[in-house]
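Here's an informal walk through one model, section by section. Have the sequence and the structure open while you read.

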Amino acid sequence: SKATLRSFRPVLELFKRETQCNQISEVTHEVVLQWKKLLRGRSAEATVNTYLRTLRTLFNLAERRNLLNTVNPFKDISYVPEYTKLKHTADHVEIINLLGMIQQFPDDHKPSWFWEALLKVLYYTGMRRRQLVTLQWGDLDFKRQRILLRAEGSKTRREWHIPMADEITLPLLTLKARVLERLEVTQDNAIRSQQVFNITLFNPTYK
């Protein structure tokens, strides 16, 4: 996918730049070990493993396509032990305080009703950031009170419906009315494929 290409390319360029290897045949087990040691000296464990996992995937592909003249240099490279820490999540009081701040200082968060809708959707649905970004108006079913999370924004590349909580229905309807007004259209079908949370329609600071 395009997202995979975007994430893989910088890692590959970094590897080439720091190892001075421009051909597959130049990459040896020792080269990979030295690069891993270099990474461990400056990067977090999760970052090191992400880089190693990325290159291993590419070299596994090269191996399947018979592009390697020797043993896969990433085959016996171990990952760095990671320590899983408790993730910080915002509790209900923090969310209420944040919403109150948006409402109290609307000039600092333009337009305040946009950010209020976005924050409430994230909080009451638990959807991922990518799912929120890829959300389109056609995914919102106000009659059945449900939201379609499409495969394009899903980590598992599948889609499913989630309930539309009462707390987000009015903010979403308000946002929808503003979008229709801003685009000077009256029919819902005209915005079905439009991104729901498109801040560029209302604030020229964003592009």
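## Ground rules

Helices here are DSSP runs (H or I) of at least four residues, numbered from the N terminus. Keep in mind that this is a predicted model.

## The pocket

Start with the largest pocket, which holds about 400 Å³ of space. Its lining is made up of S1, A3, T4, S7, R128, R129, R130, G153, S154, K155 and R157. Which helix gives the largest share of that lining? That's α1, with 3 residues. Helices α1 (2–19) and α6 (129–133) each put at least two residues into the lining of this pocket.

## The cavity

There's also enclosed space to look at: the count comes to 1 cavity of 30 Å³ or more. The largest cavity has a volume of about 30 Å³. Around the largest cavity you'll find Q131, T134, L135, D139, L148, L149, R150 and G153. G153 turns up in the lining of the largest pocket and also in that of the largest cavity.

## The sheet

Now for the strands. An open sheet is built from 3 of them, in the order β1-β2-β3, with antiparallel pairing. β1 (140–141) and β3 (160–163) sit at the edges with a single partner strand each, so one side of each has no neighbour in the sheet.

Going pair by pair, β1 and β2 run antiparallel over 2 bridges, while β2 (residues 146–149) and β3 are joined in the antiparallel sense over 4 bridges. A handy residue to click on is I147: its bridge to β1 is with L140, and in β3 it stands opposite I162. The link from β1 to β2 is a hairpin with 4 residues in between. In that turn, Q145 has a positive phi of about 55°.

## Helix α7

What does helix α7 pack against? Its buried residues pack against α5 (112–125), β1 and β2. The buried residues in question are I168, T169, P171, L172, L175, K176, V179 and L180. Note that the list includes a lysine, K176.

As for length, α7 (residues 166–183) has 18 residues and spans 26 Å from its first C-alpha to its last, close to the 26 Å expected at 1.5 Å a residue. Right after α7 comes E184, with a positive phi near 60°.

## Two buried asparagines

N49 is part of helix α3 (residues 45–64). Is N49 buried or exposed? Its relative accessible area is 2%, so N49 is buried, because buried means under 20%. The side chain of N49 makes a polar contact of 2.7 Å with the side chain of E82. If you skip neighbours within four places in sequence, N49 is in contact with Y79, V80 and E82. E82 is therefore on the contact list as well as being the polar partner of N49.

The other one, N203, sits in the segment after α7. At 11% relative accessibility, N203 counts as buried too. What does the side chain of N203 reach? It gets to the backbone oxygen of K110, at 3.0 Å. To recap, the side chain of N49 has a side-chain partner in E82, whereas the side chain of N203 reaches a backbone oxygen, that of K110.

Notes. Residues are numbered from 1 along each chain as its sequence is written. This is a predicted model: local features need pLDDT of at least 70, side-chain atom pairs count only at pLDDT 80 or more; totals for chains, interfaces and linings use all residues. Side-chain values use heavy atoms; hydrogens and water are left out. Two strands pair if DSSP finds at least two bridges between them. Buried means under 20% relative accessible area, exposed over 50%, partly exposed in between (1.4 Å probe, protein chains only). A polar contact is a pair of N or O atoms within 3.5 Å; within protein, one must be able to donate a hydrogen and the other to accept it, and residues adjacent in sequence count only if both atoms are side-chain atoms. Contact means heavy atoms within 4.5 Å. The expected span of a helix is 1.5 Å times one less than its number of residues. On a 1 Å grid over the protein atoms alone, a cavity is a set of points where a 1.4 Å probe fits but cannot get out, and a pocket is an open set with protein on both sides within 12 Å along at least five of seven lines; lining residues have an atom within 4 Å of a point. Grid points are joined across faces, edges and corners, and a volume is the space filled by probe spheres set on the points.
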